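Please read the following walk through the model with the coordinates open beside the text. The path goes from two loop residues to a helix, then to the nonpolar cores and a sheet.

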Amino acid sequence: MTRIANTQSIANKVSKNKVWRVAFYIRLSREDKSVKEESESITNQRLILTDFLEQQVDDDYFFVDEYVDDGVSGTTDEERESFQRLLTDIKKGKINCVIVKNLARSFRNNADQSYYLGDWFPRNNVRFISLYQQPIDTYKDPNNAQNIAVPIQGVLNEEHARGTSESVRRTFDKKREKGLHIGSFAAYGYLKDPQDKNALILDEEAAENVKCIYAWFLEGMSKNAIVRKLNESGILCPSAYKRSKGMKYKNPNAEGGNPLWSAMTVTNILKNQIYIGDMVQGRHRIKSYKIHVQEKVPEDEWFIVENTHKPIISREVFAKVQELLKKNTRTAPKQKKLHLFSGFLRCADCGKALTRSKVRRNVYYYCRTYKDQSKAACTKHTMKHNFLEKAVLYAIKQQVYIAVSLSELASRVNKAPLQKSHSIRLNEQIASKEKDLSKISRYKQSIYQDWKDGEITHKDYRQMKVGYERQIEAINKVVNKLQAEKAELINETDVENHLLATIRKYENINKLTREILIELVDSIKVYENGNIVVKLKFANEYRKVAEDIGVNTL
């Protein structure tokens with residue numbers, strides 16, 4: 001006799017029949033959703049299980065509940081909330097019979113299938129019924145559950161899951177290679193285009209906040225100060241902002257119901273290349289189709305496609321921020337802005353950063369090794385702030401003066417004929433190599449006729465042919481290198497050279513600022529005797545411009 005009733009009536013039931021407290025387990029995977037197979041739908045599975053239960057007349061069956069995991073993989077049981085709830089209710093004694101459409105609905109992992117069918121369900125006195133694709137009823141036919149066909153079906157189900165997972169991953173990778181956005185949510189500052197789900201458009205409100213974060217950081221604000229400013233201004237953090245727009249977004253790292261901005265969130269925004277218009281994807285991946293744990297992917301394996309959407313931040317600003325992020329820019333407690341030289345000063349001997357100390361009204365810098373670790377490991381390298389500021393400003397002004405002179409000279413050089421001595425020498429070298437190439441090509445052709453005329457053997461011909469081909473390949477490499485050098489020579493002395501234009505912006509500076517340091521200076525080494533060395537970011541390019549100008553004025 002079959003009954004579908006509430007479990008409260010079970011306690012009052014007196015019957016000689018076996019009493020089964022029944023649960024339906026129903027699962028629809030992401031893959032089932034994507035192909036829209038009605039045969040695997042939640043509704044269809046429910047109808048099949050209900051129809052089966054209504055036909056049972058041998059014992060008393062009481063339907064307790066259904067447990068549905070919608071859009072969840074079957075390769076792991078831990079991530080299936082309803083499956084976990086089912087196990088809990090079994091332990092509480094609410095359920096002693098589980099019915100599924102087929103084994104694939106319950107398990108896509110053969111190891112889990114073996115564990116639950118062979119161990120967990122029997123230990124908890126649970127009857128398990130699977131209707132199709134290897135039918136099982138562990139109560140009516142317990143031996144059938146141990147049939148070799150059951151683990152074979154488990155292997156087939158797992159192989160199907162593996163193949164489907166690999167197919168989905170390949171499809172996603174192809175889209176990533178083309179710069180198509182495949183995430184469920186766009187990065188903060190962007191929205192998924194309603195007309196094209198694989199494209200991004202600006203979210204004007206959030207984009208303005210991104211611009212502010214970059215601007216504040218370049219102005220000298222620490223990341224913690226930026227966090228405080230955002231939270232105190234009532235600006236919603238990315239996860240809260242998305243939820244406020246009606247998106248069903250969950251951040252696993254967010255704590256509590258009212259998440260706030262954090263230093264990690266700000267850092268991620270400052271490092272994210274997506275804000276310069278490049279699509280960056282594949283930074284994380286699922287470990288395997290059975291182990292649904294995210295792992296980080298090495299940066300050289302990321303999918304990066306340039307200029308796929310409208311940028312929020314210019315490439316120049318982004319580059320400055322990345323350089324600044326590499327420096328040690330910690331702030332003292334309660335400080336909102338970074339100190340002028342924070343992240344730039346290094347001990348010339350041990351290479352460690354210099355630490356800042358204020359004595360009365362004066363500020364000094366000391367070697368961190370000497371001050372914090374051991375006086376025997378290094379010396380003080382003491383430097384007074386006022387002296388250091390004046391010395392660095394003077395060094396930069398000297399470089400700016402030289403840059404202005406080079407810029408003016410480059411302008412005059414570019415107005416002169418392009419056939420300078422270096423260019424002429426390159427042309428002569430290219431012509432000479434091309435002459436050699438022509439000569440060797442003729443030799444190669446002539447040995448063929450010598451072989452045909454019987455003057456050399458076929459073996460000699462083959463050896464000589466290989467030798468000439470190697471010489472031709474080597475000469476072609478030299479010619480290509482000379483031509484590339486010639487093209488570079490023509491381009492590098494342009495009057496609007498980026499390097500010179502950048503430095504010329506500071507032609508009339510009279511005060512040192514962090515903006516100037518960030519743009520022009522790589523590091524400042526401080527020596528024990530009070531000397532300093534200011535290393536410019538553009539030192540190599542600077543030298544190259546000077547050399548090219550010198551060559552072209554011969």
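**Two loop residues with positive phi**

At a relative accessibility of 58%, N307 counts as exposed, and this residue of the predicted model is placed in the loop between β12 (303-305) and α11 (315-325). Although N307 is not a glycine, its phi is positive, at about 55 degrees. For context, most residues other than glycine have a negative phi. A second case is N125, a residue other than glycine whose phi is likewise positive, near 55 degrees. N125 is found in the loop that lies between α5 (110-123) and β5 (127-132), and with a relative accessible area of 62% it is exposed, the cut-off for that term being over 50%.

From these loops we can turn to a helix, α2, which comprises residues 42-54, 13 in number, and reaches 18 Å from its first C-alpha to its last, close to the 18 Å expected at 1.5 Å a residue. Which residues of α2 are buried? They are I42, Q45, I48, L49, F52 and L53, and because they cover an arc of only 135 degrees around the axis, they lie on the same side of α2. An α-helix has 3.6 residues a turn, so residues three or four places apart point the same way. On the other side of α2, by contrast, L47 and E54 are exposed.

The next step leads to the nonpolar cores. The largest of these has 66 residues, and those with the most contacts inside it are Y275, F341, I396 and L517. Taking I396 as an entry point, and leaving aside residues up to four places away in sequence, one finds that I396 touches I509, L512, I516, L517, L520 and V521. Apart from this largest core lies another, of 19 residues, which includes I95, W120, V126 and F128.

Finally, consider an open sheet of 3 strands, whose order is β14-β15-β16 and whose pairing is antiparallel. The edges are taken by β14 (354-359) and β16 (383-384), and since each has a single partner strand, one side of each is left without a neighbour in the sheet. How many bridges join β15 to β16? Strand β15, residues 362-367, is joined to β16 by 2 bridges, and the two strands run antiparallel. Within this part of the sheet, Y365 stands opposite M383 in β16.

Technical notes:
Residues numbered from 1 in each chain as written. Predicted model: local features only at pLDDT ≥ 70, side-chain atom pairs only at ≥ 80, totals over all residues. Heavy atoms only, no water. Helix = DSSP H or I, 4+ residues; strand = E, 2+ residues; numbered from the N terminus. Expected span 1.5 Å × (residues − 1). Buried < 20%, exposed > 50% of the residue type's maximum accessible area, 1.4 Å probe, protein only. Arc of directions from axis to C-beta. Core = buried A, V, L, I, M, F, W, Y, C linked by side-chain atoms within 4.5 Å. Contact = heavy atoms within 4.5 Å. Pairing = 2+ DSSP bridges.
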